[in-house]
Amino acid sequence: MQFFNFWRSLASFRVRIALNLKGIATDDQVVDLMAGHQMRPEFKAVNPQMALPALVLDDGTVLSQSMAIMEYLDEIQPQPALLPSDPIGRARVRALAQIPVSDGHPLVVPRVRHYLEHTLHIDEAQRTAWSRHWMGTALAAMEGHLAKDAATGQFCHGDHVSVADICLASQVVGLGFFGGSVENMPTVARIHARCMQIDAFANAHPLKQPGAPKG
Ligand SMILES: N[C@@H](CCC(=O)N[C@@H](CS)C(=O)NCC(=O)O)C(=O)O
């Protein structure tokens with residue numbers, strides 16, 4: 001399998017965690033988002049959306065969108081399960097995951113920041129404030145759900161890692177890239193710290209990937 005990714009891509013980070021948890025090795029293909037390489041024709045031929053991640057299966061099938069890829073991985077290799085076995089549990093985990101994936105992270109991806117800069121002429125400080133605001137807003141919403149629900153355990157859903165934890169971790173790390181923190185979100189902070197004790201999470205961290213800035 002070819003895994004098109006980039007160190008700073010939060011959606012790639014999510015899939016990297018899932019691959020690590022499942023113990024699935026990939027042939028990594030770096031697409032430098034900071035250099036705009038997602039716009040190159042050769043990558044557009046892989047993913048017409050020009051966004052990471054993409055997973056190309058051995059038969060040439062291309063999978064995109066981190067949630068779809070993680071669920072695919074969970075289906076082809078069910079252990080350890082990334083979704084609960086009961087329908088209500090799965091609905092809860094998917095809902096928690098969608099807060100960062102669908103509502104927070106899309107507002108800060110390179111194409112949006114590029115539009116803010118080049119079309120709306122918003123300066124860097126304001127763009128960073130925008131990103132910090134929306135990344136933090138999604139995590140505050142997660143905190144609201146997690147803190148009040150007895151289904152929350154060591155992790156977002158009980159004591160087993162799920163896609164909700166993967167998405168939470170990517171969002172917390174992403175918030176940090178924009179100068180924010182989760183110090184006022186005790187449940188999110190606790191679950192994130194617990195996740196980062198797991199090698200599959202820690203080793204997938206953006207700053208541990210090739211090309212990431214040192215220190
Ligand atoms: N919802 C998508 C996000 C895809 C996405 O926007 N990825 C970012 C990197 S995290 C990207 O490649 N953006 C390219 C751009 O905005 O130009 C997913 O979860 O996979």
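**Exercise 1. Identify the residues through which helices H4 and H7 meet, and describe the packing of the two helices.**

*Solution.* In this predicted model, the H4 side of the contact consists of Val-93, Leu-96, Ala-97, Pro-100, Val-101 and Gly-104, and these residues meet Val-163, Ala-164, Cys-167 and Gln-171 of H7. Sorted by character, the contact residues comprise eight nonpolar and two polar ones, with no charged residue.

The geometry follows. H4 spans residues 87-104 and H7 spans residues 163-177; their axes are 8 Å apart and form an angle of about 30°. Angles under 35 degrees count as roughly parallel, and therefore H4 is roughly parallel to H7. The handedness of the crossing of H4 and H7 is left-handed.

**Exercise 2. Determine the strand order of the open sheet and state which strands lie at its edges.**

*Solution.* The sheet has four strands in the order E2-E1-E3-E4, and its pairing is mixed. Strand E2 (27-30) and strand E4 (62-64) are the edge strands, each pairing on one side only. From one strand to the next, the twist averages 20°.

Next, consider the pairing of E1 with E3. Strands of a sheet pair through backbone hydrogen bonds, in either a parallel or an antiparallel manner. E1 (residues 2-5) and E3 (residues 54-56) run antiparallel and are joined by three bridges. Within this pairing, Phe-3 has Leu-55 in E3 as its bridge partner.

Finally, locate the helix that lies across E3 and E4: this is H3 (residues 66-76), which runs at about 120° to E4.

**Exercise 3. Locate the cis peptide bonds that precede Pro-53 and Pro-80, and find the residue with a positive phi in the loop between E4 and H3.**

*Solution.* Begin with Pro-53, which is joined to Leu-52 by a cis peptide bond with omega of about 0°. Pro-53 belongs to the loop between helix H2 (41-44) and E3.

Turn then to Pro-80. The peptide bond from Gln-79 to Pro-80 is also cis, with omega near -10°, and Pro-80 is found in the loop between H3 and H4.

The remaining residue is Gln-65, which lies in the loop between E4 and H3. Although Gln-65 is not a glycine, its phi is positive, at about 70°.

**Exercise 4. State how the protein divides into domains and how many residues of each are in contact with the other.**

*Solution.* The domain assignment gives domain 1 (2-80) and domain 2 (87-202). The centres of domain 1 and domain 2, taken over C-alpha atoms, are separated by 19 Å. Across the boundary, 17 residues of domain 1 are in contact with 23 residues of domain 2.

Note on methods. Residues are numbered from 1 along each chain as its sequence is written. This is a predicted model: local features need pLDDT of at least 70, side-chain atom pairs count only at pLDDT 80 or more; totals for chains, interfaces and linings use all residues. Side-chain values use heavy atoms; hydrogens and water are left out. Axes are lines fitted to C-alpha atoms, for helices over the stretch in contact, and angles run from 0 to 180 degrees between N-to-C directions. Angles under 35 degrees count as roughly parallel, over 145 as roughly antiparallel, 65 to 115 as roughly perpendicular and the rest as oblique. A crossing is left-handed if the near helix is turned anticlockwise from the far one by less than a right angle, and right-handed if clockwise. Contact means heavy atoms within 4.5 Å. Ala, Val, Leu, Ile, Met, Phe, Trp, Tyr, Cys and Pro count as nonpolar, Asp, Glu, Lys and Arg as charged, and the others, Gly among them, as polar. Two strands pair if DSSP finds at least two bridges between them. Domain bounds come from an automatic or database domain assignment.
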